[in-house]
Amino acid sequence: MALAPRNTLILIFAAVLAAAALAAYLHFAEGKPPHVRMDPLPTHAIKGSAFSLEVTDEGQGLRHLLVQAVQGEQQISLLEETFGLDQHAWSGTFTLPRRGLNDGPMAIVIKVTDKSLANRGAGNPTLFQHTLTYDATPPRISVISHAHNLNQGGAGLIVYSLSEEVASSGVMVQDVFFPGYRQESGVYLSLFAIPFDVDPLKHRPMLTATDPAGNTAQVSFPFHGNQRSFRQATLNISQAFLDNVMPQFQNVFPEAEDLLERFLLVNRELRAQNINFVRSLAATTAPAPLWSEVFARQPRSAPLGGFADHRTFMHNNEIIDHQMHMGIDLASTPFAEIIAANRGQVIFTGDLGIYGQTVILDHGLGLHTLYAHLSQILVNTGDMLERGQILGRSGITGLAAGDHMHFETLVSGIPVNPIEWWDEQWLRHNFWSKTDLLGEQFQ
Ligand SMILES: [Zn+2]
């Protein structure tokens with residue numbers, strides 16, 4: 001039986017309606033869940049750790065967002081948002097509470113739904129979870145060594161232990177950080193210094209430790225600082241010096257119009273660059289002392305310039321510059337054999353601007369010795385040298401007027417007075433008496 005035209009129309013109309021409803025349903029009940037991006041995703045968190053969060057939805061838009069900190073049965077709400085019409089993106093921050101959480105594992109749980117009609121109208125859910133270790137307890141620092149008597153421009157050693165593994169620990173002096181190194185016995189040694197230009201009566205060193213979560217503890221320790229004043233020295237920069245020494249720096253400062261201008265660029269800019277480079281080697285060090293004897297002073301040598309001399313440079317009776325001299329100049333005979341001051345590993349050989357041909361040794365715990373103006377280098381980077389081993393010959397390379405060897409001792413890149421390290425009694429009071437603590441109490 002053929003359908004009457006009127007009924008056919010109704011059926012067609014009904015079919016179109018159903019198709020439209022299905023299309024609308026498929027449109028409003030889309031199945032694309034919201035997207036969550038949390039940053040950072042750390043392994044550890046502390047009180048008040050902050051996170052940024054971005055949620056987006058490509059379909060019908062965001063409906064609801066809930067962020068919780070979950071520890072066992074406990075759920076702490078950190079953030080909740082209900083969204084209006086047509087909101088497809090939201091970004092903001094949330095922080096962990098300052099109380100209520102316990103040290104240990106926890107999860108950050110983020111639940112987002114969208115406005116899709118899927119799931120019987122409840123929307124598409126996205127569940128994002130990040131687990132981490134909550135740690136709100138800073139490391140406990142116990143200072144083991146007793147006396148710390150430092151001279152301005154001098155060094156000292158502190159022995160301490162920590163209640164937990166740390167990301168870093170060491171001594172802060174003004175704005176300089178001297179890292180501590182964990183020894184086999186589990187205690188830490190930090191070799192630190194009072195830079196020559198820091199007044200030890202005004203800047204008390206502090207011992208700090210930061211755990212992997214970022215909790216920092218800071219303690220003071222027994223400390224006595226001795227102020228020191230340093231010498232003034234005047235150096236005459238003669239025309240002969242400029243003629244002899246400056247040509248080697250032609251390539252470094254080709255723009256200089258004359259030798260005096262080039263000298264000033266070398267003395268200021270190249271010096272600063274070279275000092276920065278030496279300091280950049282600070283962390284290239286063994287975590288324990290590589291040496292056991294007193295440091296050797298270059299034999300049969302006379303000191304020409306002292307540590308932390310304030311040098312005034314004159315030319316034609318005019319003051320042209322001021323610089324600090326951070327080592328001791330030792331002269332004997334030309335091309336004298338230069339010895340390693342102590343057992344250590346070669347970490348640098350080569351040309352180093354104002355220092356000329358240079359060797360730098362690491363002795364462990366951030367302690368370096370530097371030998372400059374050499375005419376010849378007889379060792380290679382990586383070599384382990386014994387105390388007294390010949391590493392090169394003295395010379396006049398770099399910013400040097402006559403044959404000598406410029407010697408520096410550095411603690412974590414900060415020049416310190418070499419005289420202390422040549423002094424057996426100073427070492428006994430300030431170094432060995434402390435490393436002995438490791439042997440008796442901790443090994
Ligand atoms: Zn020098």
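What spacing do the donors of the zinc ion follow along the chain? The points below start there and work outward.

1. **Zinc site.** This is a predicted model. The donors of the zinc ion follow the spacing H-x3-D-x76-H along the chain. In residue terms, the zinc ion is coordinated by His325 through NE2, Asp329 through OD and His406 through ND1. The distances run from 1.9 to 2.1 Å.

2. **Burial of two donors.** Histidine 325 has a relative accessibility of 4%. That is under 20%, so histidine 325 counts as buried. Aspartate 329 has a relative accessible area of 6%. Aspartate 329 is therefore buried by the same cut-off.

3. **The three-stranded sheet.** Strands 18, 20 and 21 form an open sheet in the order 18-20-21. Its pairing is mixed. Strand 18 (232-236) and strand 21 (318-325) stand at the edges. Each has a single partner strand, so one side of each is left without a neighbour in the sheet. On average, neighbouring strands here are turned by 25° against each other, direction ignored.

4. **Helix on the sheet.** Helix 3 (residues 259-280) packs on this sheet. Helix 3 touches strand 20 and strand 21. The direction of helix 3 makes about 25° with that of strand 21.

5. **Pairing of strands 18 and 20.** Strand 18 runs parallel to strand 20 (residues 309-315), and five bridges link the pair. One residue of interest is glutamine 232: its bridge partner in strand 20 is histidine 310.

6. **Glycine 306.** This residue lies in the loop between strand 19 (302-305) and strand 20. Is glycine 306 buried or exposed? Its relative accessible area is 8%, under the 20% limit, so glycine 306 is buried. Leaving aside neighbours within four places in sequence, glycine 306 is in contact with Arg231, His325, Gly327 and Ile328. One of these, His325, is also a zinc donor.

7. **A long reach along the chain.** How far apart are the C-alpha atoms of glycine 306 and threonine 8? They are separated by 111 Å. Along the chain, the two residues are 298 residues apart.

8. **Overall dimensions.** Along its principal axes, the C-alpha trace spans about 125 × 60 × 40 Å. The radius of gyration is 34 Å. A compact globule of 443 residues would have a value near 22 Å.

9. **Secondary structure and contacts.** The chain holds five helices and 31 strands. Take the contacts with a separation of 6 or more: residues 24 or more positions apart account for 67% of them.

10. **Surface and burial.** Of the 443 residues, 49% count as buried. The accessible surface of the chain comes to about 21800 Å². Carbon and sulfur atoms make up 52% of that surface.

11. **The five-stranded sheet.** Another open sheet has five strands in the order 2-8-7-4-5, again with mixed pairing. Strand 2 (44-45) and strand 5 (74-82) are the edge strands, and each pairs on one side only. Inside the order, strand 7 (residues 104-114) and strand 8 (residues 125-134) run antiparallel. Ten bridges join strand 7 to strand 8. Valine 112 stands opposite threonine 126 in strand 8.

Conventions: Residues are numbered from 1 along each chain as its sequence is written. This is a predicted model: local features need pLDDT of at least 70, side-chain atom pairs count only at pLDDT 80 or more; totals for chains, interfaces and linings use all residues. Side-chain values use heavy atoms; hydrogens and water are left out. Two strands pair if DSSP finds at least two bridges between them. Helices (H or I, at least four residues) and strands (E, at least two) are DSSP runs, numbered from the N terminus. Axes are lines fitted to C-alpha atoms, for helices over the stretch in contact, and angles run from 0 to 180 degrees between N-to-C directions. Contact means heavy atoms within 4.5 Å. Buried means under 20% relative accessible area, exposed over 50%, partly exposed in between (1.4 Å probe, protein chains only). Donors are N, O and S atoms within 2.8 Å of the metal (3.2 Å for Na, K and Ca); water is not among the atoms, so sites may look incomplete. The radius of gyration is taken over C-alpha atoms; the globule rule is 2.2 Å times the number of residues to the power 0.38. Accessible areas come from the Shrake-Rupley method with a 1.4 Å probe; for residues, only the protein chains shown count as cover.
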